[in-house]
Amino acid sequence: IDTFRSDVAYEAVSAGADIVNDVSGGTLDGNMHDTVASLMVPYILMHIRGDPGTMQNKENTTYIDVVKEVHDELRIQVLTAESRGIPRWNIVVDPGVGFAKTGPQSLYLLKHLERSAPEGLSILAGPSRKSFVGKAIDSLPEVRPATPHPDVHPRAWGTAAAVTASVAGGADIIRVHDVREMRDVVAVADESTEQEEAQGDDSSR
């Protein structure tokens, strides 16, 4: 269930949901961490500043070092969740690309996902069809057909690139719309990353 409201999370898990995905990381509902702790389900804790209505204002998108600041703020959120009874092994962190970040900040985070997350936690990235993907595409001269294929989302190929960057940046889980297509992208990106690491290991011997 994707919600930042504890009562919705409780009812959804009671009805059969297995995971709580909270875009606020517990900052918008003071009862969320206690509720998730009692439910004993995996908790996806996302980084955000402000709320969905204010997250893109200048104050909430101003960083000196976006990777370090997202890391430090996620670390505090994780410690708070743990203090309320959510086991560390049940927490997945999401650096929140597209939430309280500009397009360039989100793209930079994709490259440095591993450094943006507290050590030892699984990392989720959700770049699929985000507005920053569309803006990156639209910044280029028009070379696509005037009438896109009706079965392909206009941001599909941009999403594929963002998914590849997410895997290379250290994501363990990718949230997408086009599951079958992005599965193939992840398979190739993951294999490429593993081969790069293997070659690095060989060169060190």
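These are my notebook entries on a predicted model, ordered by the part of the structure I looked up.

**Entry 1. The sheet**

I began with the strand order. I found five strands in an open sheet, running β1-β2-β3-β4-β5, with parallel pairing. I then asked which strands stand at the edges. They are β1 (20–22) and β5 (173–174); each has a single partner strand, so one side of each is left without a neighbour in the sheet.

I went through the pairs from the β1 edge. β1 and β2 are joined in the parallel sense by three bridges, and I noted Asp22 opposite Leu45 of β2. β2 and β3 are also parallel, over four bridges; here Met46 faces Asp94 of β3. At the other edge, β4 (residues 122–125) pairs with β5 in the parallel sense over two bridges, and Ala125 lies opposite Ile174 of β5.

**Entry 2. Side chains of β2 and β3**

I looked up which way the residues of these strands point. From β2, Tyr43 and Leu45 point one way, while Ile44 and Met46 point the other way. I recorded all four as buried. In β3 (residues 91–94), Ile91 and Val93 point one way, and Val92 and Asp94 the other. These residues are all buried too, the charged Asp94 included. Asp94 is the residue already noted opposite Met46.

**Entry 3. Helix α2 and the turn after it**

I next examined α2 (residues 32–39), which packs on the sheet and touches β1 and β2 (43–46). The direction of α2 makes about 155 degrees with that of β2.

How many of the residues of α2 are buried? I counted six of eight, and the helix is mostly covered. The buried residues are Met32, His33, Thr35, Val36, Ala37 and Leu39. As partners for these buried residues I listed α1 (6–14), β1, β2 and α3 (66–83). As a general point, an α-helix has 3.6 residues a turn, so residues three or four places apart point the same way.

Just after α2 comes Met40, with a positive phi of about 55 degrees, although Met40 is not a glycine. I placed Met40 in the loop between α2 and β2. Is Met40 buried or partly exposed? Its relative accessibility is 46%, and Met40 therefore counts as partly exposed, since that class lies between 20% and 50%.

**Entry 4. Arg5 beside α2**

I found Arg5 in the segment before α1. With a relative accessible area of 47%, Arg5 is partly exposed. Which residues does Arg5 contact, once neighbours within four places in sequence are left aside? They are Asp29 and Met32; Met32 is one of the buried residues of α2. I also noted a C-alpha separation of 9.8 Å between Arg5 and Thr35, which are 30 residues apart along the chain.

**Entry 5. Ala100**

I looked up a further residue other than glycine with a positive phi: Ala100, with a value near 60 degrees. Ala100 lies in the loop between β3 and α4 (103–111). Its relative accessible area is 0%, so Ala100 is buried.

**Entry 6. Thr159**

I located Thr159 in helix α7. At 1% relative accessibility, Thr159 counts as buried. Not counting residues up to four places away in sequence, I listed its contacts as Pro127, Ser128, Arg129, Val133 and Met182.

**Entry 7. The second largest pocket**

I recorded about 240 Å³ of space in the second largest pocket. The lining has 14 residues, and those closest to the pocket centre are Val167, Gly170, Ala171, Asp190 and Thr193.

Which elements each supply at least two residues of this lining? They are α7 (156–169), β5 and α8 (179–203). I noted that α8 gives the most, with five residues. By class, I entered six nonpolar, three polar and five charged residues. Two of these elements appeared in earlier entries: β5 is an edge strand of the sheet, and α7 holds Thr159.

Terms used
Residues are numbered from 1 along each chain as its sequence is written. This is a predicted model: local features need pLDDT of at least 70, side-chain atom pairs count only at pLDDT 80 or more; totals for chains, interfaces and linings use all residues. Side-chain values use heavy atoms; hydrogens and water are left out. Two strands pair if DSSP finds at least two bridges between them. Contact means heavy atoms within 4.5 Å. Axes are lines fitted to C-alpha atoms, for helices over the stretch in contact, and angles run from 0 to 180 degrees between N-to-C directions. On a 1 Å grid over the protein atoms alone, a cavity is a set of points where a 1.4 Å probe fits but cannot get out, and a pocket is an open set with protein on both sides within 12 Å along at least five of seven lines; lining residues have an atom within 4 Å of a point. Grid points are joined across faces, edges and corners, and a volume is the space filled by probe spheres set on the points. Buried means under 20% relative accessible area, exposed over 50%, partly exposed in between (1.4 Å probe, protein chains only).
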